[in-house]
Amino acid sequence: MGIMKKSYITTAIPYVNGVPHLGHAMDYLLADTMRRYLVRGGEEVRLQAGTDEHGSKVFQKAEASGVPVEKFVDENAKKFQDFIHALGVEYTDFVRTTDPEHERRCQEIWVKLGKYIYKDAYEGWYCEGCEGFVTEKEYEENNGVCPDHQKPYVRLSEENYYLRIADFKERMRSAIENDEMKITPAGRKKEFLNLLVDMPDVSISRPKKQLSWGVPVPGDDTQVMYVWIDALANYITVLGYPDKDISEWWPAEVQVIGKDILRFHAGIWPAILMGLNLPLPKNLLTHGYITVNGEKMSKSVGNVVDPRVVLDKYGVDAFRYYFLRHVSTMEDADYSDEKYESAYNELANDLGNLVQRLATLCVKGEMTGQTMIERQRDDKFDELMGKYEFNVAFDYVWAKVQGLNKKIDTEKPWELVKTDPEKLVMVLDSLVSEILGVADLLEVFIPETAKKIVEIFSAEKIVPPETSLFPRTR
RNA sequence: CGCGGGGUAGAGCAGUCUGGUAGCUCGUUUGGCUCAUAACCAAAAGGUCGUUGGUUCAAAUCCAACCCCCGCAACCA
């Protein structure tokens with residue numbers, strides 16, 4: 001056996017301003033599915049997760065709730081960690097941007113990027129009440145007066161540090177075009193390449209008086225890092241950069257992101273990496289949004305679905321089943337309670353019932369369990385997983401589940417019990433071996449259930465589970 | 001003339017890049033089965049593929065024009 005191949009997978013780090021969201025769940029599920037798939041193929045995989053904890057919004061929110069900001073972010077980081085665990089997602093590394101090690105490493109990265117950073121003035125409309133700038137569009141919509149403070153905006157200019165994106169544009173474009181850094185799906189790649197043409201240099205700091213809760217800019221007491229370097233660098237600081245040689249793990253095999261943050265991960269992040277002379281990630285896997293009953297989730301409409309509530313409804317594997325099979329890996333997709341329930345019924349009817357009936361038949365045939373001796377290669381499955389079409393791959397596995405139900409009907413083992421005990425054993429033997437093969441594939445998507453199936457059909461004596469895998473709810 | 005996504009069976013979708021008998025899941029109807037969770041299996045019904053025109057032996061697919069729906073300020077992934 002040679003040395004195990006090593007792969008690194010990352011998830012976007014959520015801003016701890018809010019609570020876990022269905023979008024975060026997609027990040028974690030996709031990354032975890034890929035991780036399980038690679039591990040199944042014999043690779044050693046590190047999966048990063050983390051939280052983005054700086055910024056004035058977090059600071060203000062902590063103040064408003066009367067909690068010290070350190071405690072506030074501790075509590076919120078914990079919420080996300082609990083959530084990730086509840087999803088059955090197993091990360092190997094967790095990074096918090098307020099971790100002193102991360103902060104120190106960010107400062108070192110800033111220094112290394114020195115020659116691509118310059119200072120310039122930002123000029124815009126500013127509200128003295130909000131202590132913040134507004135966009136030109138907001139200015140026009142509010143007719144030049146801040147609606148919160150009834151004060152007219154003033155034209156103000158402030159000093160910011162900028163990262164010179166222009167220096168890297170050409171290399172970024174070619175890396176994306178020739179899939180050196182592959183953006184999936186292809187449509188988003190095109191979309192971003194268009195966007196890249198006009199991409200301006202990016203402001204990477206704020207005056208300290210405006211943004212106190214953040215990483216100080218090295219060598220300038222008056223400035224604090226704005227989100228970009230602080231947040232994006234997490235992917236490598238968690239590996240130990242720049243203290244450690246990270247070439248074992250970096251470049252990442254895949255970085256999972258939502259479609260809204262593609263521009264930062266395809267535009268700013270590669271600039272940082274190039275500035276540090278580090279290779280670009282091999283893949284950016286971009287997923288869509290989840291809508292609810294066909295509508296965009298929004299706090300003001302009040303239709304935000306709390307994933308933790310959904311999770312509690314039928315358990316973690318039902319959740320994973322829905323969001324990995326019935327939600328397109330890359331495109332937007334819809335959630336509704338009705339659809340969720342109907343998906344649960346599929347689990348119960350197709351898979352739960354299959355396990356139940358096959359185990360019962362095995363009792364009649366007095367079957368002993370099998371251990372899987374050799375994993376079968378499955379080219380079709382590998383092809384789909386390789387394209388990150390997880391939902392299609394899941395469909396493909398599900399067809400195997402349905403195929404087993406068909407096979408039982410065709411072979412009629414319950415008749416063989418009376419007529420042909422020898423053939424019965426043969427038939428059941430092959431069914432057991434096939435269901436173990438299916439369970440092996442299912443482990444990638446619904447690990448808890450897969451494990452139960454393996455336990456049942458590899459036991460010394462096969463018996464149906466005491467409680468069915470997915471009990472009916474109505 | 002802003003940008004993007006979409007319009008295929010009652011519902012949700014695939015197929016469009018690379019033209020060749022229109023497919024999947026759910027639902028509906030009928031039948032089968034009784035090992036199983038009112039499950040499972042089989043068969044059937046159901047579509048002028050948004051509209052119009054063009055290219056072609058052949059168009060859901062390629063080309064052109066048009067119509068309709070949904071996103072694109074902020075909270076928010």
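**Exercise 1. Take strand β8 in this predicted model and work out how β8 and β10 pair, and over how many bridges.**

Solution.
- Start with the span: β8 covers residues 154-163.
- Next, look at the direction: β8 and β10 run antiparallel to each other, with 2 bridges between them.
- For a concrete contact, pick L163, which sits opposite V202 in β10.

**Exercise 2. Put the strands of the open sheet in order, then find which ones stand at the edges.**

Solution.
- The sheet has 4 strands, in the order β5-β4-β8-β10, and the pairing is antiparallel.
- Now check the ends: β5 (132-134) and β10 (202-203) each have a single partner strand, so one side of each has no neighbour in the sheet. That makes β5 and β10 the edge strands.

**Exercise 3. Describe the second largest pocket: what volume does it have, and which element gives the largest share of its lining?**

Solution.
- Volume first: the second largest pocket holds about 430 Å³ of space.
- Two elements give two or more residues to its lining, α15 (390-411) and α17 (421-442).
- Of these, α17 takes the largest share, with 7 residues.
- The whole lining comes to 20 residues, and Q376, S433, E434, G437 and V438 lie nearest the centre.
- Sorted by class, that lining has 8 charged, 6 polar and 6 nonpolar residues.

**Exercise 4. Is V425 buried, partly exposed or exposed?**

Solution.
- Locate V425 first: this residue belongs to helix α17.
- Its relative accessibility is 37%. Buried needs under 20% and exposed needs over 50%, so V425 counts as partly exposed.
- As an extra, compare sequence with space: V425 and K364 are 61 residues apart along the chain, with their C-alpha atoms 9.9 Å apart.

Technical notes: Residues are numbered from 1 along each chain as its sequence is written. Chains are lettered from A and ligands numbered from 1 in the order in which they are written. This is a predicted model: local features need pLDDT of at least 70, side-chain atom pairs count only at pLDDT 80 or more; totals for chains, interfaces and linings use all residues. Side-chain values use heavy atoms; hydrogens and water are left out. On a 1 Å grid over the protein atoms alone, a cavity is a set of points where a 1.4 Å probe fits but cannot get out, and a pocket is an open set with protein on both sides within 12 Å along at least five of seven lines; lining residues have an atom within 4 Å of a point. Grid points are joined across faces, edges and corners, and a volume is the space filled by probe spheres set on the points. Ala, Val, Leu, Ile, Met, Phe, Trp, Tyr, Cys and Pro count as nonpolar, Asp, Glu, Lys and Arg as charged, and the others, Gly among them, as polar. Buried means under 20% relative accessible area, exposed over 50%, partly exposed in between (1.4 Å probe, protein chains only). Two strands pair if DSSP finds at least two bridges between them.
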